[in-house]
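Here are some notes for a first reading, set out as numbered points. Please keep the sequence and the structure open beside them while you read.

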Amino acid sequence: SFVKCWTSFFELQGDRVYDLFSPNQNYAHEIRDDESGYATIPELLQVEITNPEQAKGIISVGLRRVIDKTTSQKNATRSHILIQLTLARKSFQTPDSKPEISKLLFCELSAPEQAHFY
């Protein structure tokens with residue numbers, strides 16, 4: 001069997017989605033439901049990962065996140081960064097079978113300016 005891995009890297013700002021792999025960083029993508037009812041962003045670019053060094057380099061893309069001043073922090077982010085890994089596994093023993101697809105989603109949430117406890 002073989003395994004392949006792809007990644008997408010995107011940023012959520014309010015209700016807007018920005019593809020951090022896209023050369024056009026100003027284009028906001030739409031979140032849609034797929035045929036199974038799951039949320040998807042169909043136009044996100046996916047980059048195939050072929051080795052661990054390449055995977056480490058992809059993390060540096062997140063450094064392009066939007067930084068803006070808030071009332072309580074000088075360099076607070078106003079966005080969430082998400083990395084989606086898509087893994088595909090296919091058996092050579094059954095060549096006409098569809099590959100098994102798994103998705104992992106990692107999210108770095110922005111912190112609120114102030115926490116209120118009751």
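Which residues are linked in a network of salt bridges? The points below begin with the answer, and one should keep in mind from the outset that the model is predicted.

1. The network of salt bridges links Glu 30, Arg 32 and Glu 43. Arg 32 takes part in two of the pairings: with Glu 30 the closest N and O atoms are 3.6 Å apart, and with Glu 43 the closest N and O atoms are 3.7 Å apart. Because Arg 32 lies in strand 4 (residues 32-33) while Glu 43 lies in the loop between strand 5 (39-40) and strand 6, their pair ties together parts that are 11 residues apart in sequence. As a general point, side chains of opposite charge can pair when their charged atoms come close.

2. Are the members of this network buried, partly exposed or exposed? Glu 30 is partly exposed, with a relative accessible area of 49%; Arg 32 is also partly exposed, at 37%, and Glu 43 is partly exposed, at 33%.

3. The whole structure holds 4 salt bridges, and one of them is formed by Glu 100 and Arg 89, whose closest N and O atoms are 2.9 Å apart. Glu 100 belongs to strand 10 (residues 100-108) and Arg 89 to strand 9 (residues 80-90), so this pair ties together parts that are 11 residues apart in sequence. Glu 100 is partly exposed, with a relative accessible area of 47%, and Arg 89 is partly exposed as well, at 41%.

4. Glu 43 also leads to His 29, since a polar contact of 3.1 Å joins the side chains of these two residues. His 29 sits in strand 3 (residues 28-29), and with a relative accessibility of 9% it counts as buried, the cut-off for that word being under 20%. Leaving aside residues up to four places away in sequence, His 29 touches Val 17, Tyr 18, Asp 19, Ile 41 and Glu 43. Tyr 18 stands 11 residues from His 29 along the chain, and the C-alpha atoms of the two are separated by 6.2 Å.

5. Ile 41, which is among the residues touched by His 29, appears again when one turns to the largest pocket. This pocket encloses about 440 Å³ of space, and of the 18 residues that line it, the closest to its centre are Ala 39, Thr 40, Ile 41, Gln 84 and Lys 103. At least two lining residues come from each of strand 1 (2-13), strand 5, strand 9 and strand 10.

6. How far should the details be trusted? The protein chain has an average pLDDT of 79, and 78% of the residues score at least 70. Confidence is highest in strand 6 (residues 47-49), at a mean of 92, and lowest in strand 7 (residues 67-68), at a mean of 50. Over residues 113-118 pLDDT stays under 50, and the model has 4 contacts beyond four places in sequence for this stretch. Where pLDDT is low, the predicted coordinates should not be read in detail.

Note on methods
Residues numbered from 1 in each chain as written. Predicted model: local features only at pLDDT ≥ 70, side-chain atom pairs only at ≥ 80, totals over all residues. Heavy atoms only, no water. pLDDT = per-residue confidence, 0-100. Helix = DSSP H or I, 4+ residues; strand = E, 2+ residues; numbered from the N terminus. Contact = heavy atoms within 4.5 Å. Salt bridge = Lys/Arg side-chain N within 4 Å of Asp/Glu carboxyl O. Buried < 20%, exposed > 50% of the residue type's maximum accessible area, 1.4 Å probe, protein only. Polar contact = N/O pair within 3.5 Å; in protein donor to acceptor, adjacent residues only side chain to side chain. 1 Å grid on protein atoms, 1.4 Å probe; cavity = no way out; pocket = protein on both sides within 12 Å on 5 of 7 lines; lining within 4 Å. Points joined across faces, edges and corners; volume = space filled by probe spheres on them.
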